[in-house]
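Reader: I'd like to go through the labels one by one and hear what earns each of them. Please show me the sequence and the structure to begin with.

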Amino acid sequence: MIGRQSILEADVDTTGINSLRNGPDDNGRFGIFGGRFVAETLMPLILDLEAHYRAAQKDPAFKAELNDLSVHYAGRPSPLYFAERLTKHLGGAQVWFKREELNHTGSHKINNCLGQILLAKRMGKTRVIAETGAGQHGVATATVCAKFELPCTIFMGATDVERQMPNVLRMKMLGAEVRPVTAGAGTLKDAMNEALRDWVTNVDSTYYLIGTAAGPHPYPEMVRDFQSVIGSEIKSQFAEAQGKLPDAVVACVGGGSNAIGTFHAFLDDADVKLYGAEAGGHGVDVENGHAASMTGGRPGVLHGNRTYLLQDKDGQILEGHSISAGLDYPGVGPEHAFLHDSKRVTYAPITDDEALEAFQLCTRLEGIIPALESAHGLAQLMKVAPTMGKDQSIVLCLSGRGDKDVESVGKYLGLL
Amino acid sequence: MTTRIDTRFAALKAEGRPALVTYVMAGDPDLATGQAILEALPQAGADIIELGMPFSDPMADGVAIQLAGQRSLAAGQTLRGVLGMVEDFRRKDETTPIVLMGYYNPVYSFGVEAFVKAAKAAGADGLIIVDLPPEEDEELCLPAMAAGLNFIRLTTPTTDDKRLPAVLKNSSGFVYYVSMTGVTGAVIKSRGAVGEAVDRIKSHTNLPVAVGFGIKTAEDAAEIGKHADGIVVGSVLVDAVARSLKDGKATDQTVGAVRDLVAEIFSGVKRARG
């Protein structure tokens, strides 16, 4: 078996036996987390998916095609940008942005969609389904489906359809069918339930293109691999600019695909501090008022994997809340759960208000409108950077752009 | 070890008819009415009872059972409450097997060892946990077997001959064949294909094979029951509960609606081999 690092990364597996980058094991476990908790109908499908993914990992043609698309279609590598005014404003470490919001479709989501759509084509699938929260993954999926001529259906919570209307329109224009899900609170969790129900019904034709680093094995590993390009690029771009490693790296965590993609290259660099910003909503003390599954949840099993979940004392899953549709999910990818328990990454909650403040500051100081999701990461950075020295550096994965959020933020600020 | 499930299937085999397996959601539409429904099932013709443990995110269920679970949770149902229902049932009925059916997280949250002990002590006979494939047998299947509970596995149209032995390996009680790729309550496309699938599974195991998903009428039961050792009805029964409600509350029709429908489907089961 070849190494489990990104197929876009180095060819040689340099991870040692004590490396934090070796997961998952053959059963899809990161420590106790992960696994394959799915109905029997889906089990043969995910085993088949894993076999095809292993074959693709070994195929130079797959890697070449993905690289070519990443460069010429998605616009990689994304820039690493020194945020000078924000650095001055915060008065501590030098602040850098990894500009994933400049990718085609406006977020990091395209990295994973390009990888998985090539896999879907290899497997001969004729229809694609996906779940989406903020609509960023839905847009990226609709985009690659347009390009590769596959019909697609996007499941999106009805609440999210309302608060992310620009992305709904984009998906429709790209030819996708958007199916609003009214069950539960009408957010990402409910969209994922409905996508799984569709998949269990249309097993022969359909490829389920999961957008986050969660779900049954091999999804958490596969999505991580396709997103690891983010951290690998940060590493080489920062080395080129500064001749060293950054001192800290920050990303927001919903399911956690941009975060695991950002962190993975740095997991064995003990000197690089890693911070994940969870959605603290109205505050983690408010029952069912946040989506910080690691800060406020406990291990459980949902959507195919064991991970930290927001749940009541009887194991019923809570809906959670976040102003950011993309972080409004009661679980988190299993590798994050593992990195949380092993204390390699520090996960901390950011409230709606803190994210909004960061959103405005970034817009005014840097002329960059960040996605509300990314604004959570920025708010965490704003807490950490001032405690660091001026000779130190901190990098934020600016995972998406905020065009989709201007209406809801405008309402919140009383501009509409 | 012989469970009530084994005893019941052996008796029905001697009788020459398939088993009627009825699914109801525990505590739907409210805890007291749910108990009354449960206790009415054997009289109406249920040979084996599947008792649904409600879960907030029933990913393999169609709308009918989703809504039943929501009603039950809204009524205050808990996993301990479900076990309490079994205990109360057992005081009146020592022989009708009860299989607890649901999803893993509430059980995991309860604690696996504590749960299998409590379920056995309450008088449950088996478990069906939808999101635990054989790849995860160490989680609950093996502890359940050790505690003397049957672990009943779902096999599906996607479970091919190569995979079937792994699925059957730690199965006991009976095998639950899911008649289609889909969620509960959907429509069976081909009854013929179901018969073939049952024969295929029987070539791999001596366990009884029950068929579920999409069986809605006495006629369905009579047809599918020609091949299968048991037929499972669920969504139509919880639908009957739903239709009997007024403003979301149980009426004096609710228990009777389920009882009458079970009796009607039982007539189909009786003529399956006739």
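Reader: How do you know that the side chains of A:Arg54 and A:Glu221 meet in a salt bridge?

Author: Happy to start there, with a word on the ground rules. Residues are numbered from 1 along each chain as its sequence is written, while chains are lettered from A and ligands numbered from 1 in the order in which they are written. The model is predicted, so local features need pLDDT of at least 70, side-chain atom pairs count only at pLDDT 80 or more, and totals for chains, interfaces and linings use all residues; side-chain values use heavy atoms, with hydrogens and water left out. Now the pair: a salt bridge needs a side-chain nitrogen of Lys or Arg within 4 Å of a carboxyl oxygen of Asp or Glu. A:Arg54 and A:Glu221 have N to O at 2.9 Å, so they qualify. By this rule, the count over all chains comes to 46 salt bridges.

Reader: What makes the A:Lys189 and B:Asp57 salt bridge a link that joins two chains?

Author: First the bridge itself: the closest N and O atoms of A:Lys189 and B:Asp57 are 2.8 Å apart. A:Lys189 sits in helix α8 (residues 188-201) of chain A, and B:Asp57 is in the loop between β2 (48-52) and α3 (63-74) of chain B, so the pair joins two chains. The elements here are DSSP runs numbered from the N terminus: helices are H or I with at least four residues, strands are E with at least two.

Reader: Why is A:Lys189 called buried?

Author: Buried means under 20% relative accessible area, exposed means over 50%, and partly exposed lies in between (1.4 Å probe, protein chains only). A:Lys189 has 2%, so buried is the right word. Its partner B:Asp57 is at 0% and counts as buried too.

Reader: What separates A:Arg163 and A:Asp160 in helix α6?

Author: About one helical turn, because they are 3 residues apart in helix α6 (residues 158-163) of chain A. Their salt bridge has its closest N and O atoms 2.9 Å apart, and A:Asp160, at 0% relative accessibility, is buried.

Reader: Which residues are linked in a network of salt bridges?

Author: That network links A:Arg29, A:Arg306, B:Glu136 and B:Glu139.

Reader: Why is A:Ala348 buried rather than exposed?

Author: Its relative accessible area is 16%, and the bound is under 20%, so it counts as buried. A:Ala348 belongs to strand β13 (residues 345-351) of chain A. With contact meaning heavy atoms within 4.5 Å, and residues up to four places away in sequence left out, A:Ala348 touches A:Gly276, A:Ala277, A:Glu278 and A:Gln380. Its C-alpha atom is 8.5 Å from that of A:Ala279, 69 residues apart along the chain.

Reader: How do you know that B:Asn150 is buried?

Author: The value for B:Asn150 is 1%, so the rule of under 20% is met. B:Asn150 is in strand β5 (residues 150-151) of chain B. Beyond four places in sequence, its contacts include B:Met1, B:Asp125, B:Leu127 and B:Ser172.

Reader: And what makes B:Thr254 count as buried?

Author: Its relative accessibility is 0%. B:Thr254 lies in helix α12 (residues 254-271) of chain B, and apart from neighbours within four places in sequence, the residues in contact with it include B:Pro29, B:Ile37 and B:Val241.

Reader: Which members of the largest nonpolar core touch the most other members?

Author: A nonpolar core is a set of buried Ala, Val, Leu, Ile, Met, Phe, Trp, Tyr and Cys residues joined through side-chain atoms within 4.5 Å. Of the 158 residues in the largest one, B:Leu51, B:Leu100, B:Phe115, B:Leu140 and B:Tyr176 touch the most other members. This core also takes at least three residues from each of domain 1 (29-72 + 107-223) and domain 2 (76-106 + 228-412) of chain A; such bounds come from an automatic or database domain assignment. A second, separate core has 33 residues, among them A:Cys362 and A:Met382.

Reader: How many residues of domain 1 of chain A are in contact with domain 2 of chain A?

Author: 46 residues of domain 1 are in contact with 46 residues of domain 2. The C-alpha centres of these two domains of chain A lie 22 Å apart.

Reader: Finally, why is A:Leu415 called exposed?

Author: Its relative accessible area is 67%, and exposed means over 50%, so the label holds. A:Leu415 is in the segment after α16 (406-412) of chain A.
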